[in-house]
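Student: I have a protein model open and would like to learn how to read its features step by step. Could we begin with the basic elements and then go on to packing and exposure?

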Amino acid sequence: MTEAFAAFEREMGRSIGFHQSGSLRAAYTDAGEARVRESLATAQGLGIAATLINPTDAERLAPHFCAGAARSILHVPGDGWLDPARLAVGFAARAAELGARLMPFTRVESLLREGGRVAGVTKPRGAIRAP
């Protein structure tokens, strides 16, 4: 997913403020270690680069981080963060450029489905069907 965010600015022509900074998750308890192991397995199962690292490496990667008594530390180098509002506006602006009609502040009550696909939406004053 981070690859898609990283490519968004180039492909859509607008900034979403994506910062690929990597992430660290430290565990200090048995339960925390179980969550770190589960996160590692999930990431690896999805093809996301993730490894357990030692405290020295963690502090080298993030000088503000003090591992203290961490029992395990997960490192995901491809993680990042973005401004979700800028992402939504970026998608909407690009959709408008491609001919979509935007209807801000329109409440959607449900999705219309046909053949396993979304075919439109219902709103308080009627339905809008996808072209």
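Tutor: Helices and strands are DSSP runs, with at least four residues for a helix and at least two for a strand, numbered from the N terminus. This is a predicted model, and L61 has its place in helix α3, which covers residues 55–61.

Student: How many helices and strands does the protein have, and what pattern do they follow along the sequence?

Tutor: The protein has four helices and six strands, and read along the sequence they give the pattern α-β-α-β-α-β-α-β-β-β.

Student: Is L61 buried, partly exposed or exposed?

Tutor: Partly exposed lies between the limits of 20% and 50% relative accessible area, so L61, with a relative accessibility of 40%, counts as partly exposed. Leaving aside neighbours within four places in sequence, L61 is in contact with I53 and H75.

Student: How should I describe two packed helices?

Tutor: Two packed helices are described by the angle between their axes and by the distance between those axes. Here helix α1 (residues 2–12) and helix α4 (residues 84–97) pack at an angle of about 35°, with their axes 12 Å apart, and their crossing is left-handed.

Student: Which residues make the contact?

Tutor: From α1 the contact takes F5, F8 and M12, and from α4 it takes L87, G90, F91 and R94; these residues divide into five nonpolar, one polar and one charged.

Student: What is the radius of gyration of the protein?

Tutor: The protein has a radius of gyration of 21 Å, whereas a compact globule of 131 residues would have one near 14 Å. Along the principal axes, the C-alpha atoms fill a box of roughly 60 × 30 × 25 Å.

How values were computed
Residues numbered from 1 in each chain as written. Predicted model: local features only at pLDDT ≥ 70, side-chain atom pairs only at ≥ 80, totals over all residues. Heavy atoms only, no water. Axes fitted to C-alpha atoms, helices over the stretch in contact; angles between N-to-C directions. Left-handed = near helix turned anticlockwise from the far one by under 90°. Contact = heavy atoms within 4.5 Å. Nonpolar A, V, L, I, M, F, W, Y, C, P; charged D, E, K, R; others polar. Buried < 20%, exposed > 50% of the residue type's maximum accessible area, 1.4 Å probe, protein only. Rg over C-alpha atoms; globule rule 2.2 N^0.38 Å.
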